[in-house]
Amino acid sequence: MRDLSLMTWKEIKEVDKKGSVVFVVMAPIEEHGWCLPLATDVIEGENWSRGAMKLIEEKSKILCYYLPTFPIAAASVNAFYGSVHFSMKTTFEVAYEILDSVRHMGFENIVIIASHADPDHQIAVIKAVRRINRKHGICAIAPMGSIFEGTGVEPAEDVKELEKRYGNDFHAGWVETSSMLDIDDNNVRSGFENLPDSDITDKDMISKRKQLAAMGDYGHIGMPRFATKVIGHKLNQNCIESICEAVINFYNRSGYEKYDDYFLFKILPLHIGFLKSFGKVKRG
Ligand SMILES: [Zn+2]
């Protein structure tokens with residue numbers, strides 16, 4: 001794998017575009033409770049991309065390239081202290097400009113890793129992918145939305161059991177704390193075992209008011225106390241293997257469609273953030 005930004009334009013011109021894939025991470029600088037840093041989603045996205053690129057190069061002849069992470073993302077709740085969010089429209093436009101630039105270099109396979117599960121972000125990025133695919137023919141995919149919805153490689157039994165019992169873990173809970181413990185536990189502050197649960201149903205997640213209420217004085221939505229490094233390794237590995245499958249299938253233009261099928265994209269009211277009056281980032 002190679003960082004495109006450390007190459008010269010002449011070197012990039014020589015690259016076998018048909019034989020390669022370009023990865024781009026788009027994720028927010030965003031509060032993640034008392035024990036995780038603002039860059040949590042960026043760190044996760046970079047870890048999953050690197051892991052997937054390594055696996056793809058081991059398993060296939062595909063060459064992997066990547067750009068530096070773009071810390072640009074949309075989110076439905078902007079009022080909590082410490083976040084740098086963008087509107088859905090800005091996120092869509094930035095994603096589209098990145099795709100258009102990379103396509104213009106001649107690359108025919110571009111993967112956006114939108115490592116931030118918020119539907120506002122997923123929809124903005126997927127809309128940009130659909131637009132570039134209409135303009136140039138199929139050349140891009142953003143598989144994280146469908147992976148977050150459960151598409152991909154089957155998780156381990158103990159992970160499935162935890163998901164069944166403590167599934168309402170949406171932000172900086174056991175899922176993300178575990179993932180970060182596995183990547184580098186220096187990034188996780190002590191005391192996550194003592195944080196209170198903030199229980200909220202997936203239905204209530206539609207309401208910004210209820211999300212903010214669940215965050216309380218902490219910022220997390222979920223149950224950080226169940227986090228372990230062992231579970232984190234399984235979660236990260238599962239994500240890496242799912243991305244690898246999505247990308248190899250996309251490269252072959254066969255069997256990738258399920259990774260291009262984000263269920264929530266079809267819910268029209270979730271596109272309301274693209275309207276000017278509804279789409280402003282309200283910081284307080
Ligand atoms: Zn996150």
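I take helices to be DSSP runs of H or I with at least four residues, numbered from the N terminus. The model is a predicted one, in which local features need pLDDT of at least 70, side-chain atom pairs count only at pLDDT 80 or more, and totals for chains, interfaces and linings use all residues. Residue numbers start from 1 along each chain as its sequence is written.

Entry one, Gly152. I found Gly152 in the loop between helix H5 (144-148) and helix H6 (157-165). I checked whether it is buried or exposed: Gly152 counts as buried because 20 other C-beta atoms lie within 10 Å, the cut-off for buried being 20 or more such atoms, placed from the backbone. Leaving out residues up to four places away in sequence, I see Gly152 touching Ile147, Ser242 and Glu245, where contact requires C-beta atoms within 7 Å.

Entry two, the core. I looked up the largest nonpolar core (buried Ala, Val, Leu, Ile, Met, Phe, Trp, Tyr and Cys residues joined through C-beta atoms within 7 Å), and it has 78 residues, with Ile112, Ala95 and Val125 among those with the most contacts inside it. Helix H9 (residues 229-251) gives the largest share of this core, ten residues. Ile112 touches, among others, Met26, Ala95, Val125 and Val129, again not counting residues up to four places away in sequence.

Entry three, H3 and H4. Helix H3 (residues 88-104) packs with helix H4 (residues 119-136) at about 35 degrees, and their axes are 8 Å apart; axes are lines fitted to C-alpha atoms over the stretch in contact, with angles from 0 to 180 degrees between N-to-C directions. The contact includes Ala95 and Leu99 of H3 and Val125 and Val129 of H4.

Conventions. Helix = DSSP H or I, 4+ residues; strand = E, 2+ residues; numbered from the N terminus. Contact = placed C-beta atoms within 7 Å. Buried ≥ 20, exposed ≤ 12 C-beta atoms within 10 Å, placed from the backbone.
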